[in-house]
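Colleague: Please take a close look at a single part of this model and at the contacts that surround it. I would value one connected account, with each term given its cut-offs.

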Amino acid sequence: MGTIEPACLSIFNLTIIQFLLLVLCLVAIWFYSYAIYAAIAFFKHPHPVTTNFCPPITVLKPICGLDADAYTNLASFCQQQYPTYQIIFSVRDWQDCSIAVVKQIIDDFPQIDIQLVVSERTIGTNLKVSNLANAVSFAKHEFLLIADSDIKVTSDYLQRVIQPFQAKEVGVVTCLYRSSAQGWITTLEAIGTATDFHAGVLVSNRLEGIKFALGSTIVIRKQVLEEIGGLEAIADYLADDFQLGYLPAQAGYKVLLSDYVVEHVLATTKLADSINRQIRWARCARISRPWGYFGLIFTYGTIISMLLLVTTEKSILGWIVMFITWMMRLVMGWVVGVKILNDSATKKFLWLIPIWDLIDFVIWCYCLVGNTIEWRGQRMQLTKDGKLVVPEQLLVKLEEKF
């Protein structure tokens with residue numbers, strides 16, 4: 001009786017640390033439950049498609065190098081069942097290996113208004129934004145669609161993502177994405193994106209609406225872009241996609257999440273490159289949305305429940321809480337990743353979710369401090385407001401200061 005009683009009554013005899021861990025587990029269980037509800041509620045009521053609403057669109061595709069399945073990805077934007085649209089591929093260097101692919105696409109789709117812009121003009125430290133700025137001056141239409149080069153879409157993509165703009169107050173529309181992974185490293189990334197990151201986006205969308213955009217797809221009115229200061233206003237920010245949603249939201253426009261899910265092609269990558277990418281995203285998230293980043297501690301239920309089990313010396317309470325937490329985490333991953341996003345990696349390797357959670361938690365802890373990132377082989381520093389500073393610029397600023 002003496003060995004059972006402490007385990008049964010442990011809830012009344014918890015230390016402060018144990019009690020805090022229990023609270024974090026309970027909040028995580030609530031988050032997982034709410035994410036399931038938010039996902040089902042959102043996709044249960046898709047935006048109605050009105051075929052007679054099809055304003056002309058300019059698609060901006062900034063490119064740097066060749067992604068996996070580059071031709072297939074880029075060509076999918078040329079196969080839209082949409083009356084009037086323009087595509088501008090923008091590259092910064094005439095030696096870029098992607099130019100040959102773009103020229104092949106132009107030859108293969110002569111019926112589409114396609115243009116290749118090559119320019120080294122730079123307006124800020126974020127070269128992707130400079131690439132976009134070089135292209136946007138050639139845009140013919142009011143609606144601008146920006147999509148990363150590693151995105152693949154179906155033929156109804158344009159017709160569906162434009163629908164929310166029937167409401168005049170809508171300034172930006174963005175999309176979730178599922179990842180096509182190659183290799184075990186990118187498989188883990190894909191699982192994390194589908195079952196963790198997107199779950200957070202759906203919860204945020206349900207609770208308060210989103211005030212940011214995702215690089216997978218950003219549709220913005222040209223008038224709105226001009227009102228926020230054009231691309232020059234975000235030319236020094238690492239999280240350019242976040243800013244293209246945040247600044248219009250601050251200006252009073254609505255940012256809406258489309259129910260269309262794009263395909264994101266993840267190529268085989270090295271472990272070091274994957275970790276650097278996760279660190280870059282994490283530090284960018286911490287600086288862009290500091291309270292949201294710190295709040296992620298309430299979503300690491302799988303890790304916190306293990307800590308609770310250890311600190312309570314494998315008590316019955318610890319086992320029960322861990323079982324419920326893990327079950328809810330896996331159910332959330334299945335609902336969001338498999339049933340809603342139809343993510344292939346999650347379908348095959350749902351059981352890897354706890355491993356991803358552990359890796360992600362370690363990266364989250366590591367990125368609580370520090371502002372240095374590595375991007376395209378160059379080490380940069382993030383300022384307190386999320387802007388990029390290259391080492392040379394940092395040195396100049398220090399010299400000016402002293």
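Modeller: The account below begins with one strand and its neighbours and then turns to salt bridges, cysteines and backbone angles.

The model is predicted: local features need pLDDT of at least 70 and side-chain atom pairs count only at pLDDT 80 or more, while totals for chains, interfaces and linings use all residues. Residues are numbered from 1 along each chain as its sequence is written, and side-chain values use heavy atoms, with hydrogens and water left out.

The part chosen is strand 2, residues 85-91. Helices (H or I, at least four residues) and strands (E, at least two) are DSSP runs, numbered from the N terminus. Buried stands for a relative accessible area under 20%, exposed for over 50%, and partly exposed for values in between, with a 1.4 Å probe and protein chains only. On that scale 7 of the 7 residues of strand 2 are buried, so the strand is largely enclosed by the rest of the structure. The burial holds for both faces: Y85, I87, F89 and V91 point one way, Q86, I88 and S90 point the other way, and all are buried.

Strand 2 has a parallel partner in strand 1 (residues 57-62), with 6 bridges between the two. Pairing requires that DSSP find at least two bridges between two strands. Within this pair, I57 has Y85 of strand 2 as its bridge partner. Strand 3 (residues 113-118) also runs parallel to strand 2, and 6 bridges join them. Here I88 is matched with Q115 in strand 3.

The connections between these strands pass through helices. Strand 1, helix 3 (residues 70-76) and strand 2 form a right-handed β-α-β unit. A crossover is right-handed if, with the strands pointing away from the viewer, the path from the first strand over the helix to the second runs clockwise. A right-handed β-α-β unit is likewise made by strand 2, helix 4 (residues 98-108) and strand 3.

Beyond the strand, salt bridges connect other elements. A salt bridge is a side-chain nitrogen of Lys or Arg within 4 Å of a carboxyl oxygen of Asp or Glu, and by this rule the count is 10. One of them joins D240 and K128, at 3.4 Å from N to O. This pair spans 112 residues, from K128 in helix 5 (residues 127-136) to D240 in helix 9 (residues 240-250). D240 is buried at 6% relative accessible area, whereas K128 is partly exposed at 23%.

E169 and K254 form another salt bridge, their closest N and O atoms lying 3.9 Å apart. The two residues are 85 residues apart, with E169 in the loop between helix 6 (157-161) and strand 6 (170-180) and K254 in strand 8 (residues 254-265). Both are partly exposed, E169 at 39% relative accessibility and K254 at 44%.

A further salt bridge brings together the side chains of R329 and D357, at 2.9 Å from N to O. R329 belongs to helix 13 and D357 to helix 15 (residues 353-366), so this pair ties together parts that are 28 residues apart in sequence. R329 is buried, with a relative accessible area of 2%, and D357 is buried as well, at 3%. Salt bridges with shared partners also join K128, D148 and D240 into one network.

Turning to cysteines, the structure holds 0 disulfides, a disulfide being a pair of cysteine sulfur atoms within 2.5 Å. The cysteine sulfur closest to that of C365 belongs to C367 and is 9.6 Å away, too far for a bond. C365 is partly exposed, with a relative accessible area of 34%, but C367 is buried at 0%.

Two backbone angles complete the account. E313, a residue other than glycine, has a positive phi near 55 degrees. This residue lies in the loop between helix 12 (301-311) and helix 13 (316-340) and is exposed at 71% relative accessibility. N342 is not a glycine either, and its phi is positive at about 55 degrees. N342 occupies the loop between helix 13 and helix 14 (344-348), where it counts as partly exposed at 37% relative accessibility.
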